[in-house]
Amino acid sequence: MILDVGPGTFGDVLEDELSERGLTVGHWPQSVQLSTVGGWVACRGAGQLSNRYGKIEDMVIGLDVVLADGSLIHTGGHARVAAGPDLDQVFIGSEGTLGVIVGVRLRLHYLPGAPIDRAYGFGDFGQANEACRHIMQRGVTPAVLRVYDAFEAGSRYDTGDLSVLLVRELGDPAAAEAVIGVVDDECADAERLDDGLVQAWWEHRNDVSALESLTNNGFGVDTMEVTVRWGDLAAAYHGVCAAIGAVEGTRLVSAHQSHAYTDGACLYFTFVTRPDDPADRESWYVEAWNVGARTALEHGASLSHHHGIGLNRSRFMREALGSAHAVLVSIKTALDPNGILNPGKLGLPDPFGDQAWP
Ligand SMILES: Cc1cc2nc3c(=O)[nH]c(=O)nc-3n(C[C@H](O)[C@H](O)[C@H](O)COP(=O)(O)OP(=O)(O)OC[C@H]3O[C@@H](n4cnc5c(N)ncnc54)[C@H](O)[C@@H]3O)c2cc1C
């Protein structure tokens, strides 16, 4: 149940091959047809069934990495190891700055049985997330546990002012029934909606044509995902929406909660502009990110949950990591003294000038 896979393998090809053998890795990012195993590992990605299978960092049990000096190393290789720090985790999320991943070993699972779905409506985004917190803290992990705020739910599912919780459980039928029993218990005061909403979401979950049509019609759109503790979630949601909403030119800010844990969750914001003068789009974009990322950090959120840092978020890395960023710089300097690997990423020193944007 361990797969040796090349880093350039695309997600849909991988899962098609595995499903013919009754197996799955369980990593289903929205970009599954556009992204590769190496990119998932390099960016610490998350799939839509992460509650069940974990993020990519939970799925990797070993890596082959070519370092800046050309040497090849192998890390990990076992379910758990106690032989110093976990070197897999040094390279997972390093976004190509510490080495080139040339081989990945991933955990496999048997394909699950038929899903059991639930959809519930809540009067408030915070209340819906409180139900998720209770579900997770009771020790069950439904494969999907997503909450859309009233705008996102209403525009997708015509559910008016309700925040909508979508739940899908997969697995052994006996265990799945028990998990759904906990979900129903925690949602007893919510409005039961048509469970078919979950299948509708599943079938259209990777369709980004609505966003494409916005960008084709002069709008600017981006998304920002962060991890926040349950106790800070409602304030972070309102704070980030208000901060980006106050940037001149913003037309819309909305959010959903896409990945849940016992101690917190991922908030995924979408923000849209349509400036009167297209030349203003770049300044709006920079300002929206400046206030969005900083407001999230002020509410105790992480800088990213699964998209990673790239060039755009490099400018926030020192604020986000504080004094620990110096440790990352030391690792970079030790492994890549000439700074040739992906300069400008992760807020690391860049000997070729400042590649980070803006
Ligand atoms: C429409 C859309 C939906 C998305 N949905 C999700 C989602 O649901 N979940 C999610 O996690 N992400 C999502 N993403 C973001 C992105 O697809 C993922 O983060 C993915 O993990 C990156 O993989 P990639 O193959 O596209 O990497 P790339 O974009 O090609 O590379 C990303 C970075 O990783 C480095 N890198 C790539 N391969 C290697 C390697 N072998 N060794 C070292 N460094 C390497 C690159 O140099 C680059 O810095 C989405 C993106 C889009 C456009």
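Residues are classed here as nonpolar (Ala, Val, Leu, Ile, Met, Phe, Trp, Tyr, Cys and Pro), charged (Asp, Glu, Lys and Arg) or polar (the others, Gly among them). The structure is a predicted model, in which local features need pLDDT of at least 70 and side-chain atom pairs count only at pLDDT 80 or more, whereas totals for chains, interfaces and linings use all residues. Residues are numbered from 1 along each chain as its sequence is written, and side-chain values use heavy atoms, with hydrogens and water left out.

The domain assignment, with bounds from an automatic or database source, divides the protein into domain 1 (2-110), domain 2 (116-204), domain 3 (209-298) and domain 4 (323-358). A distance of 42 Å separates the C-alpha centres of domain 2 and domain 4.

The ligand is surrounded by 22 residues, of which Gln-30, Ser-31, Thr-36, Ala-46 and Ile-101 come nearest; a residue is near a molecule if one of its heavy atoms lies within 4 Å of it. By class, this shell holds eight nonpolar, 12 polar and two charged residues. Backbone N or O atoms approach the ligand at several positions: that of Gln-30 lies 2.8 Å from a ligand oxygen atom, that of Ile-101 lies 2.9 Å from a ligand nitrogen atom, and that of Gly-39 lies 3.3 Å from a ligand oxygen atom. The ligand taken alone exposes 960 Å², and the protein buries 69% of that area, as computed by the Shrake-Rupley method with a 1.4 Å probe. Two or more residues of the shell come from each of helix 2 (37-43) and strand 5 (100-107), and helix 2 provides the largest share, five residues. Helices (H or I, at least four residues) and strands (E, at least two) are DSSP runs numbered from the N terminus.

Pockets were sought on a 1 Å grid over the protein atoms alone, a pocket being an open set of points where a 1.4 Å probe fits, with protein on both sides within 12 Å along at least five of seven lines; lining residues have an atom within 4 Å of a point. The largest pocket has a volume of about 1,300 Å³, a volume being the space filled by probe spheres set on the points. Its lining comprises 42 residues, with Gln-30, Arg-205, Val-208, Leu-211 and Tyr-268 nearest the centre. This lining divides into 17 nonpolar, 20 polar and five charged residues.

The second largest pocket has a volume of about 440 Å³. Of its 24 lining residues, Arg-44, Gly-93, Ile-309, Met-317 and Leu-346 lie nearest the centre. Domain 1 and domain 4 each contribute at least three residues to this lining, and helix 13 (317-321) is among the elements that supply at least two. Helix 13 gives the most, with three residues. By class, the lining has 12 nonpolar, eight polar and four charged residues.

Definitions and conventions. A polar contact is a pair of N or O atoms within 3.5 Å; within protein, one must be able to donate a hydrogen and the other to accept it, and residues adjacent in sequence count only if both atoms are side-chain atoms.
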